Amino acid sequence: MRLVLLCCVLPTVAFAQLTEAQQREARRISELMKQDAARPAPVKLTPPEQLLKRGTVRLFVHSLPVNKPADYAAYLRFVTDEKLLQQAVDTVNELAALPRDVVVTFRDCGEPQAFYEPKSGGITFCYELVKLFDQLYTKQAKSPGEAKELIRGAVFFVFFHEFGHALVHELGLPITGREEDAVDQFATLLLLEQGEQGEAAALSGAAFFLALAQLPGKKPIFWDQHSLDAQRFYNIGCWLYGASPFRQVNLVAQGLLPAPRAAGCGDEFTQLRSSWKTIAEPKLKRPFKPLSPR
Ligand SMILES: [Zn+2]
């Protein structure tokens, strides 16, 4: 497992290279997660006939090259050939049924964005965002194949984040604190249940926020609904480490996740997983899947 960041591909660090305290901490977190897995909370799902929800998430791609920016076609091809958004849409349809259809539109927006609109219930994924992923990752990755994997991962992370907003609003899920942080949790959780490939996608999402934080001249917006880009990186990194400290040993060993935060990540991840299970599962088609061995 590697974390690819802005400037380089970091070398893998062996567990033995950690300090004794870091090793103890990783073992403690791993033990905590094992205990959590051994005590699965009973889930009371609402019977399907009582859900009374028939809505599906559908993808609409603005593919006609009318008045589109010159580079639109390249990113359109990337998204359609790779079936990225379709895969993401299939994943969420397997997880949830919503009270109404949610249309995901891939189009040009004039800025690198993705957003959910509660009024229309639509999700918009802008081609400019895929272009930004491409610009950030192509420079940093060792090969075009690696860049592609990173872009794929970031697309999945951002889509699941936006679907998290849709889930909260369409199903009326209770959220305290910042919804933006809560749906970052949801996106990480949904990716983690897809095994190591999903875990890599979540890391790509985290690396995107670090890249944004390090853009020259970028000023932090303290009043924004979102946590600062750097905080989003640390949050996602913490949850990934909390979920699988042995696979994410690099985060701590390389100093990307400072020890004072890392010490609480096992508890933090356990709490967020349990909270999402409590608030969302009764309204989903299926429970969250168990995580792969740590
Ligand atoms: Zn958001």
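Reader: What should the 15 residues of helix α9 (residues 229–243) span at 1.5 Å a residue?

Author: Before that, a word on what you're looking at: this is a predicted model, where local features need pLDDT of at least 70, side-chain atom pairs count only at pLDDT 80 or more, and totals for chains, interfaces and linings use all residues. Residues are numbered from 1 along each chain as its sequence is written. Now, the expected span of a helix is 1.5 Å times one less than its number of residues. For α9 that gives 21 Å, and its end C-alpha atoms are 21 Å apart, which agrees. Helices here are DSSP runs of H or I with at least four residues, strands are runs of E with at least two, and both are numbered from the N terminus.

Reader: How many helices and strands are there in the chain?

Author: The chain has 12 helices and 4 strands. Try helix α8 (residues 195–213) too: its 19 residues reach 28 Å from first C-alpha to last, close to the expected 27 Å.

Reader: How many residues of α9 are buried?

Author: Count neighbours: a residue is buried if 20 or more other C-beta atoms, placed from the backbone, lie within 10 Å of its own, exposed with 12 or fewer, and partly exposed in between. In α9, 12 of the 15 residues are buried, among them F233, W239 and Y241. Helix α8 has 14 of its 19 residues buried, so it is largely enclosed by the rest of the structure. Over the chain's 294 residues, 37% count as buried.

Reader: Which residues touch the most other members of the largest nonpolar core?

Author: Such a core is a set of buried Ala, Val, Leu, Ile, Met, Phe, Trp, Tyr and Cys residues joined through C-beta atoms within 7 Å. This one holds 80 residues, and F133, F157, F159, F160, L191 and A202 touch the most other members. Helix α6 (residues 144–171) gives the most to this core, with 13 residues. Leaving out residues up to four places away in sequence, F157 touches A187, L191, A201, A202, S204 and G205; touching means that C-beta atoms, placed from the backbone, lie within 7 Å.

Reader: In what order do the strands form the sheet?

Author: Strands pair if DSSP finds at least two bridges between them. Here the 4 strands make an open sheet, β1-β2-β4-β3, with mixed pairing. At the edges sit β1 (57–61) and β3 (114–117), each pairing on one side only. β3 and β4 (residues 122–126) run antiparallel, joined by 4 bridges, and E117 stands opposite G122 in β4.

Key
Contact = placed C-beta atoms within 7 Å.
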